[in-house]
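This report describes one protein chain for a reader who is beginning to study structures. Please keep the sequence and the model in view while reading.

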Amino acid sequence: FGLGQMGESLLIQAAKIGHVANGKRLAVTVVDHSAEARRRGLYVRYPQLDKVCDIEFVQAECDDSLTLRRIAEIAQDPAEICSVAICFDNDSRNAQYALSVRRHVDRDSVPVFVRINQDSGLAALFSPSTNGQNMYCFGSMRSSCSWEMVEGDGLDKLARLIHEDYVAKQRERGGQKSPSTEDWDRLSPELRDSNRQQADHIPVKLRALGYRLRTFADLAGSPEIPDEQVETLARMEHARWNAERFLAGWTLGEKDVGRRQSPYLVPYDELPDAIKEYDRSAVRNIPRLVVAGMQQS
């Protein structure tokens, strides 16, 4: 609900990491009273977004009874895993909409995330420990301005390790020095962000195995990904990589970094096996990266 700056940021982040074990595309329903104008602006910034996920735009008021019934129908579909995010920039308005949604949508199966900017009484209202309604607040100034968020330190630990592993493997293969093998501090912002996006998807892959990031890191040793799961997670990794490239403006074509073209922007099954092995290698490397990253924390 609401496709302002926060809503758009949330949608794009979901498009980047919403690649799961069942292989289904992320489906997003956007409700906004200016949905058509928001849609046009969104596709100016991300013209290939429809290659990453399926989006429906509903131009309506968020507390309209027809809109709420429509959301309830989506949430009740047993084939879908659904969540609701209220993303406007007005705390009291968000609280009002969240309570309206909660009355129409099953609280046990559908979490409702409510943007609350200020650490006020409204934040306490949407604390799961007090409301028991499967409702959560996000986006407060306190959480957004924490030292860890400003520094980006937690995510960067894993991203650095991913980059260091890539550089080491390129050297083993006798690869020539290139912009992608520079030291982290000299790496371009775009390449740093690419490593961060890969790190950001690791918890999604671990959930496909039934783990949370911290519980996996706490396991004894560095457990291997079961062979029967490697291919599934490799498919997820390639779908994530495709999304990263499409959202950054890359297109399918002959390999040309300058023109942002790649011949590998295709479904996983159409890749040469040598390229699939890059995705498999990234998956097999997850346990060591996670354990090493947590040990540095």
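Is Arg196 buried, partly exposed or exposed? With a relative accessible area of 22%, Arg196 counts as partly exposed, because the buried class is reserved for values under 20%. The model is a predicted one, and the sections below begin with the chain as a whole before turning to particular residues.

## The chain as a whole

The chain has 297 residues, of which 41% are buried. Its secondary structure comprises 15 helices and seven strands. Among contacts with a separation of 6 or more, 65% are between residues 24 or more positions apart.

A search of the whole structure gives 22 salt bridges, whereas the count of disulfides is zero. Two of the cysteines may be contrasted by their accessibility. Cys53 is buried, because its relative accessibility is 2%. Cys137, at 34% relative accessibility, is partly exposed.

## Helix H10 and its partner

Helix H10 covers residues 189-200 and contains twelve residues. From its first C-alpha to its last it reaches 16 Å, close to the 16 Å expected at 1.5 Å a residue. Buried residues in H10 are Ser194, Asn195, Gln197, Gln198 and Ala199.

Arg196 forms a salt bridge with Asp156, and the closest N and O atoms of the pair are 2.6 Å apart. Arg196 belongs to helix H10 and Asp156 to helix H9 (residues 153-172), so this pair ties together parts that are 40 residues apart in sequence. The two partners fall into separate accessibility classes: Asp156 is buried, with a relative accessible area of 12%, while Arg196 is partly exposed at 22%.

## The loop between H9 and H10

Thr181 is located in the loop between H9 and H10. Its relative accessibility is 6%, and therefore Thr181 counts as buried. A polar atom of the Thr181 side chain lies 2.9 Å from the backbone nitrogen of Ser178.

Which residues does Thr181 touch, when those up to four places away in sequence are not counted? They are His163, Tyr166, Val167, Gln170 and Gln176.

## Other salt bridges

Arg70 and Glu56 form a salt bridge in which the closest N and O atoms are 2.0 Å apart. Because Arg70 lies in helix H3 (residues 65-75) and Glu56 in strand E2 (residues 54-59), the pair ties together parts that are 14 residues apart in sequence. Arg70 is partly exposed, with a relative accessible area of 37%, and Glu56 is partly exposed as well, at 30%.

A further salt bridge joins Asp32 to Arg38, with the closest N and O atoms 3.7 Å apart. Here Asp32 is buried, at a relative accessible area of 1%, whereas Arg38 is partly exposed, at 34%. Salt bridges also link Lys205, Glu237, Arg240, Glu244 and Arg245 in a network.

## A buried arginine without a salt bridge

Arg115 is placed in strand E4 (residues 112-115). What is the nearest side chain of opposite charge to this buried residue, and how far away is it? It is Asp89, at 5.5 Å, and Arg115 has no salt bridge. The reason lies in the cut-off: a salt bridge requires a side-chain nitrogen of Lys or Arg within 4 Å of a carboxyl oxygen of Asp or Glu.

The side chain of Arg115 does have a polar partner in the backbone, since one of its polar atoms lies 3.4 Å from the backbone oxygen of Phe88. Leaving out residues up to four places away in sequence, Arg115 touches Met6, Ile86, Cys87, Phe88, Asp89, Asp91, Asn94 and Phe138.

## Leu122 in helix H5

Leu122 is found in helix H5 (residues 121-125). Its relative accessible area is 25%, so Leu122 is partly exposed.

How far apart are Leu122 and Ala95 in sequence and in space? They are separated by 27 residues in sequence and by 7.4 Å in space, from C-alpha to C-alpha. Ala95 is also one of the contacts of Leu122 beyond its neighbours within four places in sequence; the others are Asp91, Ser92 and Ile116. Asp91 therefore appears in two lists, as it is touched by Arg115 and is in contact with Leu122, where contact means heavy atoms within 4.5 Å.

Terms used: Residues numbered from 1 in each chain as written. Predicted model: local features only at pLDDT ≥ 70, side-chain atom pairs only at ≥ 80, totals over all residues. Heavy atoms only, no water. Helix = DSSP H or I, 4+ residues; strand = E, 2+ residues; numbered from the N terminus. Expected span 1.5 Å × (residues − 1). Buried < 20%, exposed > 50% of the residue type's maximum accessible area, 1.4 Å probe, protein only. Lys, Arg positive; Asp, Glu negative; His and termini not counted. Polar contact = N/O pair within 3.5 Å; in protein donor to acceptor, adjacent residues only side chain to side chain. Disulfide = S-S within 2.5 Å.
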